[in-house]
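I am opening my notebook on this structure, and I want to write down what I looked up and in which order.

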Amino acid sequence: QIQEYKTFRDLGKGAPGPEGYKKIKVHFVFDVKHDGRHKSRLVAGGHLTDTPVDSVYSGVVSLRSLRLVLFLAELNKLHVWGADIGNAYLEAKTKEKVYIIGGEGFGNLKGHTLVIDKALYGLKSSGLRWHQKLVDVLRDMGFQMSKADPDVWMRQNEDVWEYIAVYVDDLAIAAKDPEKYN
């Protein structure tokens, strides 16, 4: 999936790193989920990058707000779905100017200079970049940010309000027909 999301820009085997870019390392993290699924994630060595002067904050919905969303869903007879956005960070572009040299796990890209274009886990701005991407999508869908909690999004649908509570890449959707967000 790393290739499907066009995570890297290949400069070629043995090519020098681009001017103004910093060479970092990446590693794979492997996990076995509680249901037995095997997962892996490519993680960038963000500790090797400069500390951004801008905020890299990516908020999460508060427990109180999530409870309010669930209460409003029950009150208005809305359906509630939980969702996880797969490969969320790979949907966003990175702000860091970094590259790697492909190693053993990169198959035919071994030894290639690869500029990282996507917001990999481990990069300092990735959480914020993903959050900004999600905000753009929610606004395009007609949702507006709640004044009480910036990680609760809402929009009017006929006679009721629908809600999406955001916790990084996990969503709680309270809607008349949550399947249309699938």
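Leaving aside its neighbours within four places in sequence, which residues is T113 in contact with? I keep in mind throughout that this is a predicted model.

**Entry 1: T113 and its surroundings**

I listed the contacts of T113 beyond those close sequence neighbours, and I found R9, D10, L11, G12, G14, A15, P16, G17, Y99, I100 and I101. I then looked up where T113 sits, and it belongs to strand β7. I asked myself next whether T113 is buried or exposed. Its relative accessible area is 0%, and T113 is therefore buried, since the cut-off for that word is under 20%. One name in the contact list, I101, came up again when I checked bridges, because I wanted to know its partner in β7, and that partner is T113.

**Entry 2: the sheet around β7**

From that bridge I went on to the strands themselves, and I noted that β6 (residues 98-101) and β7 (residues 112-116) run antiparallel and are joined by three bridges. In what order do the four strands of the open sheet come? I read the order as β1-β7-β6-β2, and the pairing in this sheet is mixed. The edge strands are β1, at 8-13, and β2, at 22-23, each of which pairs on one side only.

**Entry 3: a nonpolar patch on the surface**

I turned from the buried T113 to the surface, where I found that L68, F71 and L75 form a nonpolar patch whose accessible area comes to about 320 Å² together. I looked more closely at L75, which lies in helix α1, made of residues 63-75. L75 has a relative accessibility of 53% and so counts as exposed, the cut-off for exposed being over 50%.

**Entry 4: two positive phi values**

Before going through the backbone angles I reminded myself that most residues other than glycine have a negative phi. I then wrote down K77, whose phi is positive, near 55 degrees, although K77 is not a glycine. K77 is placed in the loop between α1 and β5 (79-84), and with a relative accessible area of 73% K77 is exposed.

I made a second note for N87, which is also a residue other than glycine and has a positive phi near 55 degrees. N87 is in the loop between β5 and β6. How exposed is N87? At 28% relative accessibility N87 counts as partly exposed, because that label covers values between the cut-offs of 20% and 50%.

Terms used:
Residues numbered from 1 in each chain as written. Predicted model: local features only at pLDDT ≥ 70, side-chain atom pairs only at ≥ 80, totals over all residues. Heavy atoms only, no water. Patch = residues over 30% accessible without salt bridge, like charges linked within 9 Å, V, L, I, M, F, W, Y side chains within 5 Å. Areas by Shrake-Rupley, 256 points an atom, 1.4 Å probe, with all protein chains shown as cover. Salt bridge = Lys/Arg side-chain N within 4 Å of Asp/Glu carboxyl O. Buried < 20%, exposed > 50% of the residue type's maximum accessible area, 1.4 Å probe, protein only. Pairing = 2+ DSSP bridges. Contact = heavy atoms within 4.5 Å.
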